[in-house]
Amino acid sequence: MGWMGEKTGKILTEFLQFYEDQYGVALFNSMRHEIEGTGLPQAQLLWRKVPLDERIVFSGNLFQHQEDSKKWRNRFSLVPHNYGLVLYENKAAYERQVPPRAVINSAGYKILTSMDQYLELIGNSLPGTTAKSGSAPILKCPTQFPLILWHPYARHYYFCMMTEAEQDKWQAVLQDCIRHCNNGIPEDSKVEGPAFTDAIRMYRQSKELYGTWEMLCGNEVQILSNLVMEELGPELKAELGPRLKGKPQERQRQWIQISDAVYRMVYEQAKARFEEVLSKVQQVQPAMQAVIRTDMDQIITSKEHLASKIRAFILPKAEVCVRNHVQPYIPSILEALMVPTSQGFTEVRDVFFKEVTDMNLNVINEGGIDKLGEYMEKLSQLAYHPLKMQSCYEKMESLRLDGLQQRFDVSSTSVFKQRAQIHMREQMDNAVYTFETLLHQELGKGPTKEELCKSIQRVLERVLKKYDYDSSSVRKRFFREALLQVSIPFLLKKLAPTCKSELPRFQELIFEDFARFILVENTYEEVVLQTVMKDILQAVKEAAVQRKHNLYRDSMVMHNSDPNLHLLAEGAPIDWGEEYSNSGGGGSPSPSTPEAATLSEKRRRAKQVVSVVQDEEAGLPFEASPESPPPASPDSVTEIQGLLAQGLRPESPPPAGPLLNGAPTGESPQPKAAPEASSPPASPLQHLLPGKAVDLGPPKPSDQETGEQVSSPSSHPALHTTTEDSAGVQTEF
């Protein structure tokens, strides 16, 4: 099997040359952008500079199928702020700080909600392994409500729930995990990120693969592994498929294990090679920056000269292609994008309005200012609440490019759906944060209960106006980018037979000193982009002029709107729980006694494990009694169903501890710490605090459960982070 390593090395070498080439171009573009600016309209809403981290997004119990024992086990699961799904043996193991059974990075995965979907995908993954009708499937689910995480190359994860409501809830949570992990290249990466994505595009185009790519998911190493597997997979099937023995189900199982093992091998090789090249280009970056600063004007002049020559060569062909094959379809594509996207952004507005209005009613009827800290802490997390945001996200599911998808070689609309959903989350959080900032300013005036309610209403109206403006700007930019993503690959593919072979002759127009910053291929693509950009801009402009879907015209500018607002955002982040909880609206004094300090520490630690999702149900349906020993492994589907049914019996004790989606029976959900008599458990995220080392190394396959990360019992629970400050990312697939 040595050929796999050689093939992987060859693909990586070829790609990494593209990456080195694109790095210089991206560096030049970034520095030029800093000087020339964007020209984009200024946002009216504030954005949260200090993200809401060290929170648990969701926690609960679900059954997981074990590969080694072929049995279903009850797992306590939680989703931290980095959206890696963490699986513990049980809730007691979490509270005792026993290392988790697995930490799953869901980038590139799809959620399947039925066994039929899964069996169809498995049958198609390896020709000749479709099971006969009536034969035992590869997997039996003990309930009618499975959730399967499926990946084309990596191992699969099998879960099941008791009810359809639980299935829907976990589906929303896991979809949020996938959405976040797929977006693994940091938005603020202005050089490495663009260099990598452009290199991916250039490499695939060199193989005559144009259009969107579904597996552009995760961090750089995951994407690079997917790129290798895209080429390696078919050869692997051809080589090993005929050698697999046994019944169709057994061959399917063998293939999944082989594919996962190869994917891990490729991941390790890709990680080492990419880090090596990244270190190399970063070392020469200062010297490149010095050249760019000194010769910026000359580089721009040289590039414009090259572009003019390429434009003269391709313009007649490109204009005909645009006029005949792209221009007539732009309105249809735009309309298909506008309807679900605008519905989603309208839903964001409605959800935000409802949450603030409900909070205001609670202030009037119940808690007043004394409860404001609790209310606002919940509101501050709204954008990251998987269930409350689900009604916004699901609007994008209706996106269809029927007929256009085949014409323009769009393999899937998922890339557009996900991008729009990320924009929705960002705009929701911007609206919430702006509301927080303005309301906090009003509270400084010491309002009465009645005055506070009026202030909340006034601030809400101001924020909604700002949201409408920013929503229009964000959507118009999204539409333009999406139209380019659809049309540019199509144009490049159409023009390739007559234009691509002629491009090398333009290389002589580039000065050798500037060859790191100007590439013929990139300049050619920019010229092609310019040929269609006018039509795209015009189509979006006309939609705005007609006020379609509440889009604002480009000439609509909100001048001098809260000119001092951005100054308010420069202060320290607002801690609503500490500042307004049980303090009559005033700021909390700093703890001056050991007892006060201990209480403050408990609150801080509890905040790290408060679930964003406050489920109003009485408990976790699968929770077993912590006092009772774990049940024996069931040997049949019937026994599993019996075990699941036991989890709903009224005599089952309610779960305890602060990490709950629902409060114990008879109690109200508490957003703060557990009673002082029992100190909350240490958070598994504590080791990610400043000053602590974070292990970002790849996981080692477990002896007990292939593909799951298992630490020694004495070690501290490790959560591999996918946040922007990490170069590595969760490496559990």
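## Helices, contacts and a cavity

Leaving aside neighbours within four places in sequence, His-423 is in contact with Phe-345, Val-474 and Phe-478. Contact here means heavy atoms within 4.5 Å. His-423 has its place in helix 12. Its relative accessible area is 7%, so His-423 is buried. Buried means under 20% relative accessible area, exposed means over 50%, and partly exposed is in between (1.4 Å probe, protein chains only).

The model is predicted: local features need pLDDT of at least 70, side-chain atom pairs count only at pLDDT 80 or more, and totals for chains, interfaces and linings use all residues. Residues are numbered from 1 along each chain as its sequence is written, and side-chain values use heavy atoms, with hydrogens and water left out.

**The whole protein**

The protein has 18 helices and seven strands. Helices (H or I, at least four residues) and strands (E, at least two) are DSSP runs, numbered from the N terminus. Of the 733 residues, 52% count as buried. Take the contacts between residues at least 6 apart in sequence: 81% of them join residues at least 24 apart.

Val-463 gives an example of a link across the sequence. Val-463 lies in helix 13. How accessible is Val-463? Its relative accessibility is 0%, so Val-463 counts as buried. Not counting residues up to four places away in sequence, Val-463 touches Leu-45, Phe-352, Ala-431, Thr-434, Phe-435 and Leu-438. Leu-45 is 418 residues from Val-463 along the chain, yet their C-alpha atoms are separated by 7.5 Å.

**Two pairs of helices**

Two packed helices are described by the angle between their axes and the distance between the axes. Axes are lines fitted to C-alpha atoms, for helices over the stretch in contact, and angles run from 0 to 180 degrees between N-to-C directions.

Helix 4 (residues 164-182) and helix 10 (residues 386-393) pack at an angle of about 75°, with axes 9 Å apart. Helix 4 and helix 10 are therefore roughly perpendicular to each other. Angles under 35 degrees count as roughly parallel, over 145 as roughly antiparallel, 65 to 115 as roughly perpendicular and the rest as oblique. From helix 4, the contact uses Lys-169, Ala-172, Val-173, Asp-176 and Arg-179. From helix 10 come Pro-386, Leu-387, Gln-390 and Tyr-393. By class, this contact has five nonpolar, one polar and three charged residues. Ala, Val, Leu, Ile, Met, Phe, Trp, Tyr, Cys and Pro count as nonpolar, Asp, Glu, Lys and Arg as charged, and the others, Gly among them, as polar.

Helix 5 and helix 6 pack at an angle of about 5°, with their axes 11 Å apart. That makes helix 5 roughly parallel to helix 6. In helix 5, Phe-196, Ile-200, Tyr-203 and Arg-204 take part in the contact. They meet Glu-220, Ile-223, Leu-224, Leu-227, Glu-230 and Glu-231 in helix 6. The classes here are six nonpolar, no polar and four charged residues.

**Residues in loops**

The table lists three loop residues.

| Residue | Loop | Relative accessible area |
|---|---|---|
| Glu-208 | between helix 5 (192-206) and helix 6 (220-240) | 65%, exposed |
| Asp-409 | between helix 11 (404-407) and helix 12 (414-443) | 33%, partly exposed |
| Pro-504 | between helix 13 and helix 14 | 58%, exposed |

Phi of Glu-208 is near 65°, a positive value in a residue other than glycine. Phi of Asp-409 is near 60°, and this too is a positive value in a residue other than glycine. Pro-504 and Glu-521 are 17 residues apart in sequence and 8.8 Å apart in space, C-alpha to C-alpha.

**A cavity**

Glu-521 also helps to line the second largest cavity. Rolling a probe the size of a water molecule over the atoms shows where empty space is left. On a 1 Å grid over the protein atoms alone, a cavity is a set of points where a 1.4 Å probe fits but cannot get out, and lining residues have an atom within 4 Å of a point. Grid points are joined across faces, edges and corners, and a volume is the space filled by probe spheres set on the points.

By this rule there are four cavities of 30 Å³ or more. The second largest has a volume of about 40 Å³. Which residues line the second largest cavity? They are Gln-205, Tyr-210, Leu-492, Ala-496, Lys-500, Glu-521, Tyr-524 and Glu-525. Helix 13 (449-499) and helix 14 (520-545) are the elements that give two or more residues to this lining. Helix 14 gives the largest share, three residues. By class, the lining has four nonpolar, one polar and three charged residues.

Notes:
1 Å grid on protein atoms, 1.4 Å probe; cavity = no way out; pocket = protein on both sides within 12 Å on 5 of 7 lines; lining within 4 Å.
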